[in-house]
4 protein chains.
Amino acid sequence: MGDQQNQLPPTRAITEEEALQAKTESWYEYLVKAQPHHTDYAGIVWHGTYISWLEEARVECLRSIGIDFADLVKIGCDLPVVDLSVRYHQALRLGETAVLKARMRDMSGVRIVWDYELRSPHLPNPETPPQDILYLTAQVTLVAVDREKGKIMRRLPPSVKNALVKLSR
Amino acid sequence: MGDQQNQLPPTRAITEEEALQAKTESWYEYLVKAQPHHTDYAGIVWHGTYISWLEEARVECLRSIGIDFADLVKIGCDLPVVDLSVRYHQALRLGETAVLKARMRDMSGVRIVWDYELRSPHLPNPETPPQDILYLTAQVTLVAVDREKGKIMRRLPPSVKNALVKLSR
Amino acid sequence: MGDQQNQLPPTRAITEEEALQAKTESWYEYLVKAQPHHTDYAGIVWHGTYISWLEEARVECLRSIGIDFADLVKIGCDLPVVDLSVRYHQALRLGETAVLKARMRDMSGVRIVWDYELRSPHLPNPETPPQDILYLTAQVTLVAVDREKGKIMRRLPPSVKNALVKLSR
Amino acid sequence: MGDQQNQLPPTRAITEEEALQAKTESWYEYLVKAQPHHTDYAGIVWHGTYISWLEEARVECLRSIGIDFADLVKIGCDLPVVDLSVRYHQALRLGETAVLKARMRDMSGVRIVWDYELRSPHLPNPETPPQDILYLTAQVTLVAVDREKGKIMRRLPPSVKNALVKLSR
């Protein structure tokens with residue numbers, strides 16, 4: 001936000017969390033494909049498979065803002081899921097691809113809430129009639145846990161906080 | 001409901017669904033064990049693993065009342081999950097066992113709602129100090145789908161209905 | 001081996017490993033059932049699912065001789081798979097059960113080789129025509145690894161060795 | 001290979017299978033990443049996870065030569081695994097990426113054999129000291145099965161054969 005140094009001061013300071021909020025209104029997009037091992041007897045993706053994809057999209061979204069999940073674990077911080085809710089609108093079939101959209105909806109203390117939408121992929125061919133299928137919506141809540149103590153952290157570790165601060169600039 | 005034995009007969013018959021409701025207040029119990037392949041880097045059961053267990057408990061509960069899930073699929077009826085919510089209270093660790101309690105909470109038309117609780121197993125040794133850990137609570141909603149048409153059924157297939165009627169007697 | 005009681009004493013002592021060899025010629029049996037999440041689009045158990053069952057049978061076989069796998073991990077010993085081969089003879093279908101037979105075929109130093117056969121379950125009803133389906137055969141090789149050093153152990157930890165010695169008596 | 005039309009005729013015709021053999025000596029490369037759900041209590045990728053990756057690489061390799069696996073299934077042809085062998089050289093850890101190299105080694109009738117190597121990824125930075133880790137080698141054998149009859153096919157379906165013929169030109 002260096003260019004904004006010449007701006008008039010805002011009537012009140014925008015907090016980092018507000019800035020983060022604004023920034024994260026855009027979705028991170030993660031492409032998934034229904035491979036044979038993802039399906040069940042019905043020829044569609046087994047309902048539990050999507051949980052893996054939610055996790056993958058989350059990890060890659062964090063990586064995109066400089067947070068390497070494996071590094072986080074190494075410094076003793078884990079981000080276990082404490083709450084999960086999924087609504088299955090339509091099933092993905094064997095061989096189909098879709099875009100899993102993920103965004104951090106909310107962060108209060110060490111509690112981080114993610115929103116997800118799984119949608120049909122963008123059309124490569126503009127002549128194809130438009131089609132927008134919503135396969136799934138989900139919410140996942142994580143908390144930061146101190147791995148050694150096995151307890152919820154009082155605050156996020158510096159590396160995570162720095163990344164989020166960077167994000168909010 | 002013993003106190004009601006002295007009541008005057010109800011002006012209307014108790015419906016099958018009401019009877020079912022009463023009957024299913026008891027839990028079906030399914031034993032699970034955290035095997036290596038269920039765990040993740042944190043040495044605890046990976047959060048998606050529990051989804052498999054919810055399904056297994058559901059299938060075995062149905063079997064206990066005479067509904068063979070594979071037979072159901074063969075006659076063209078599927079029971080996909082349309083809604084899932086899980087709250088993770090405490091994580092099961094490698095090698096630990098627990099009791100997954102399942103019950104049909106509600107059935108309206110072709111929509112069936114299940115409740116779950118994952119708890120520490122009953123103590124084999126009465127001298128051991130009592131310990132009751134609640135690991136997880138969950139709700140899962142299924143709908144009956146006609147496999148051939150790929151559409152939600154208007155009513156449950158006879159075999160399922162008969163089993164539920166038998167259950168309610 | 002009762003008939004052998006009248007035999008002359010062997011010219012050399014039977015080693016513990018030979019005794020173990022003899023003992024482990026009997027199979028440990030582990031019941032499996034094809035649940036929906038085990039299947040793929042073809043309505044049969046996905047070929048990777050069996051790997052989980054091989055592991056479960058191994059863990060439970062060890063437990064049956066007093067080796068708790070989670071305890072083993074806690075004292076710093078891991079038993080990773082270093083070699084795996086599976087032959088798929090016939091596929092298990094949704095809802096079917098089978099018996100996974102496991103035995104320790106060979107143990108040389110810290111290298112342990114397991115044999116497996118997945119077969120149709122024993123018949124509860126003697127009037128049913130006999131049917132013996134062989135679904136799968138497999139071999140799995142483990143080595144004992146020191147978790148802290150990340151290196152192959154020079155010998156098995158005492159708890160494991162004691163259990164195997166007990167087994168061989 | 002249109003340019004070769006002007007060449008002298010070979011002393012004997014190169015069979016399609018020979019040409020295929022030659023062509024498939026190059027590896028198809030598929031990038032994998034160890035996500036949390038791929039790991040086990042030891043912080044490394046669980047040994048069964050690799051089976052999923054072998055399948056994904058196979059499906060994507062086939063797609064790269066015009067064979068859509070889902071389409072294959074739709075026309076009634078399945079390619080189940082009948083034999084699998086994996087040697088685990090070194091474990092991939094949480095967050096690490098690797099290149100899964102796959103190639104069709106052999107094809108006789110409806111039997112197709114694949115070779116795999118999982119290796120450390122190519123270095124983006126030429127200044128980094130070279131490092132080439134071999135994580136895993138594997139062989140997988142498939143057979144073409146007529147889904148309706150549930151029997152091994154006598155020959156590959158036209159769409160597959162055409163793709164392979166195209167590949168061999």
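Start by selecting strand β5 (residues 111-119) of chain D together with β6(D): nine bridges join these two strands, which run antiparallel. What you have open is a predicted model, and the tour that follows stays with what can be read from its atoms. To fix the register of this first pair, pick D:Arg111, which stands opposite D:Val143 in β6(D).

Keep β6(D) in view and add strand β3 (residues 81-88) of chain D, which pairs with strand β6 (residues 134-143) of chain D in the antiparallel sense over seven bridges. Here the residue to highlight is D:Val81, whose place is opposite D:Leu142 in β6(D).

Next, select β2, β7 and β8 of chain D, three strands that form an open sheet in the order β2-β7-β8, with antiparallel pairing. Its edges are β2 (77-78) and β8 (151-152) of chain D, each of which pairs on one side only. Zoom in on β2(D) and strand β7 (residues 145-146) of chain D, where two bridges hold an antiparallel pairing; within that pairing, D:Asp78 has D:Val145 in β7(D) as its bridge partner.

From the strands, turn to the nonpolar interior. Which residues touch the most other members of the largest nonpolar core? Among the 180 residues of that core, they are A:Leu100, B:Leu100, C:Leu100 and D:Leu100. Taking the copy in chain D, and leaving aside residues up to four places away in sequence, select D:Leu100 and then the residues that D:Leu100 touches, namely D:Tyr30, D:Val32, D:Trp53, D:Ala57, D:Tyr116 and D:Leu118. As background to this stop, nonpolar side chains in soluble globular proteins tend to be buried together.

Move now to chain C and select helix α2 (residues 49-64), which has 16 residues and reaches 23 Å from its first C-alpha to its last, close to the 22 Å expected at 1.5 Å a residue. Colouring by burial would pick out C:Thr49, C:Tyr50, C:Ile51, C:Trp53, C:Leu54, C:Glu55, C:Ala57, C:Arg58, C:Val59, C:Cys61 and C:Leu62 as the buried residues of α2(C). After the helix comes C:Gly66, with a positive phi near 90°.

The corresponding stop in chain A is helix α2 (residues 49-64), whose 16 residues should span 22 Å at 1.5 Å a residue and whose end C-alpha atoms are 23 Å apart, which agrees. The buried residues of α2(A) include A:Trp53, A:Glu55, A:Arg58 and A:Cys61, and just after α2(A) you will find A:Gly66 with a positive phi of about 90°.

Now show chains B and C together. Their contact takes 13 residues from chain B and 13 residues from chain C. On the side of chain B that touches chain C, the elements giving two or more residues are α2 (49-64) and α3 (69-74) of chain B, and α2(B) provides the largest share, four residues. Coloured by class, that side of chain B shows six nonpolar, four polar and three charged residues.

For the last stop, display chains A and B and look for the axis between the copies. Chain B can be laid on chain A with an RMSD of 0.0 Å by a turn of 180° and a shift of 0.0 Å along the axis, and that is the relation of a two-fold axis. To find the axis from chain B, select B:Ser85, whose C-alpha is the nearest to it in that chain, at 2.0 Å. The same surface serves both copies, since 100% of the contact residues of chain B recur in chain A.

Key: Residues numbered from 1 in each chain as written. Chains lettered and ligands numbered in written order. Predicted model: local features only at pLDDT ≥ 70, side-chain atom pairs only at ≥ 80, totals over all residues. Contact = placed C-beta atoms within 7 Å. Nonpolar A, V, L, I, M, F, W, Y, C, P; charged D, E, K, R; others polar. Least-squares fit on C-alpha atoms with pLDDT ≥ 70 in both. Pairing = 2+ DSSP bridges. Core = buried A, V, L, I, M, F, W, Y, C linked by C-beta atoms within 7 Å. Buried ≥ 20, exposed ≤ 12 C-beta atoms within 10 Å, placed from the backbone. Expected span 1.5 Å × (residues − 1).
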